[in-house]
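Trainee: I am new to this structure, and I would like a close look at how its interior is packed. Could you walk me through that part step by step?

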Amino acid sequence: MADDTLRTQPPGKRWMWAGLAAAAVYFGVACAIISTDIITARAGFDDLMNHEPTIREFARQWPRFDFTDYLSATTPGYHLLLAGVVKFVSADRHLLQVVSASIGAAWIGLMVALAARLAGVARGVVFVLPLAMSAYVLQSAAYLLPDDISWLMLLVAMLLYLGKWTPGRAAAAGVATLLAVFVRQPLIWLVGVAWLAAWLSAAEPKPGRALLRSVFVENLRTRLARTGVAIATTLPALGLMEYFAAIWHGLTVPRYQHLHEGVGVSTPVFVLANIGFSSLFFVVSLWPIVRELWQRARVSVVLVGVGAAAIGVLQPSTFDEPAGRGSGLWTLGQRLPHVGDVSLFIFGLAVVGGVALLAWLATFDTRRRLILLAALAGFTAAQTMNKITAQRYVEPFVMMLVVLAAARCVGLCAPRLRRWLLVGPLVYAMFCIAVNLYTYKGSMLIKDYPRADAALGVEGGPYIRPEDRPKGPVSAPSLKP
């Protein structure tokens, strides 16, 4: 499948205007939520009891920050950005939320621009709609949560890796990687992808039996030089991660190490299940590729399906909150049949996900295919280092991949099928909206959220850590997403 046949780019710069318009609309939606002053249980706990106190404490400490132990499990880039707003502009909470909303809007606007450039404006907007309406995306824009800025930095870095290699692009990718790690430390896997992208950039790898020779023997001098540049540009990200690991004595802020550090034994099957679930809604885009693969590479399809099934059988996949399996698809499969610790729902989605992943990747040239495989492997490995295998940690990344892959494949669909391309994404978007609305069941006003009176300082004033707060019972809402 030739890469240049997969783009149905609209004339002129309509795709760019579509992205800007989508960003503006999304910003408006997030601001509408902000204006209500209501908050959900999960977002409320993370925002009001963790991220907002951290932002205000860093503003109080400015410019002498104490990163040794604070109330967020992520690296402090997002919190420092908003602490700067508190320090130099205003400590008003609504303003902080508006800044957060602008970050989410920038990410969604970029996604729409990319999808519109590949598939046309209408399809681009509709394809991205499920991602935009995800509870883990929209609520991160409306409240003080660092998720959206991490996905934005990840997307920018990946676009730079996948593009044509130049020294300037390599330097920009190094900066994007540094910023990604500065807002969420598990994204350190991007460093390895940067190196691989530079290594593969010397010449297009040859498929089939010639792959190993073309990658490891040909153009060796150029590969070594470019990879050396990539290593140099990613040293700041590695140094930053080393700094935090040293002061934390681990990969997470000390107070959260007992919660997050460990092994998420079910992460691979959960990632595949999420790929399968999202791909089902883009089946019209996917079907021509699967059909062609079945005709010319049936053995590969069977082997990948068997491999995904093996992962599904060997890893526990039933709902189990204490084991870190307690949100999203885990919840959907809770009441469905299972055999031992294997959920038939998650197992089936994982098999679909394996075959769908093979099909999506088949549409890329060999270099981009290897980079995307490395990215997915790095992402999965990083998530495996967290014993909580949560939907919010996996869903946005998977949805980004599936949405953009589906947008690339519109050109492969027969004209008679293209009228159905929007049905699946629209159904998916309605599902995501319904889930999002459901999370607001039992929501409350921010001012009424149950928390210790000393949890927040006034106007960025002194912050009292949980262990130093007055003793006594403090009620808290359910933490279930």
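Mentor: Happy to! Let me begin with a term: a helix here is a DSSP run of H or I with at least four residues, and helices are numbered from the N terminus. Please also keep in mind that this is a predicted model.

With that term in hand, find helix α13, which covers residues 267–280 and holds Ser278. Is Ser278 buried or exposed? Its relative accessibility is 2%. Buried means under 20%, so Ser278 counts as buried. Once we set aside its neighbours within four places in sequence, Ser278 touches Val398, Met399, Val402 and Tyr428.

Now turn to the largest nonpolar core, a set of 141 residues. Trp107, Met158, Tyr161, Trp189 and Trp360 are the members with the most contacts inside this core. Helix α4, residues 93–119, supplies its largest share, with 14 residues.

Met158 is a good residue to follow from here. Apart from neighbours within four places in sequence, Met158 is in contact with Trp189, Leu190, Val193, Ile371, Leu372 and Ala375. Three of those names will come back in a moment, when we look at a pair of helices: Val193, Ile371 and Ala375.

That pair is α9 (residues 190–200) and α18 (residues 366–384), whose axes come within 10 Å and cross at roughly 165°. Because angles over 145 degrees count as roughly antiparallel, α9 is roughly antiparallel to α18. Their crossing is right-handed. On the α9 side, Val193, Leu196, Ala197 and Leu200 take part, and they meet Arg367, Leu370, Ile371, Ala374 and Ala375 of α18. Sorted by class, this contact has eight nonpolar residues, one charged residue and no polar ones.

Let us finish with another pair of helices. Helix α8 (residues 167–183) packs against helix α11 (residues 220–248) at about 15°, and their axes are 8 Å apart. Angles under 35 degrees count as roughly parallel, and therefore α8 and α11 are roughly parallel to each other. Here too the crossing is right-handed. Ala170, Ala171, Gly174, Thr177, Leu178, Val181 and Phe182 make the contact from α8, while α11 brings Val229, Thr233, Pro236, Ala237, Leu240, Met241 and Phe244. By class, the contact of α8 with α11 has 11 nonpolar residues, three polar residues and no charged ones.

Terms used. Residues numbered from 1 in each chain as written. Predicted model: local features only at pLDDT ≥ 70, side-chain atom pairs only at ≥ 80, totals over all residues. Heavy atoms only, no water. Core = buried A, V, L, I, M, F, W, Y, C linked by side-chain atoms within 4.5 Å. Buried < 20%, exposed > 50% of the residue type's maximum accessible area, 1.4 Å probe, protein only. Helix = DSSP H or I, 4+ residues; strand = E, 2+ residues; numbered from the N terminus. Contact = heavy atoms within 4.5 Å. Axes fitted to C-alpha atoms, helices over the stretch in contact; angles between N-to-C directions. Parallel < 35°, antiparallel > 145°, perpendicular 65-115°, else oblique. Left-handed = near helix turned anticlockwise from the far one by under 90°. Nonpolar A, V, L, I, M, F, W, Y, C, P; charged D, E, K, R; others polar.
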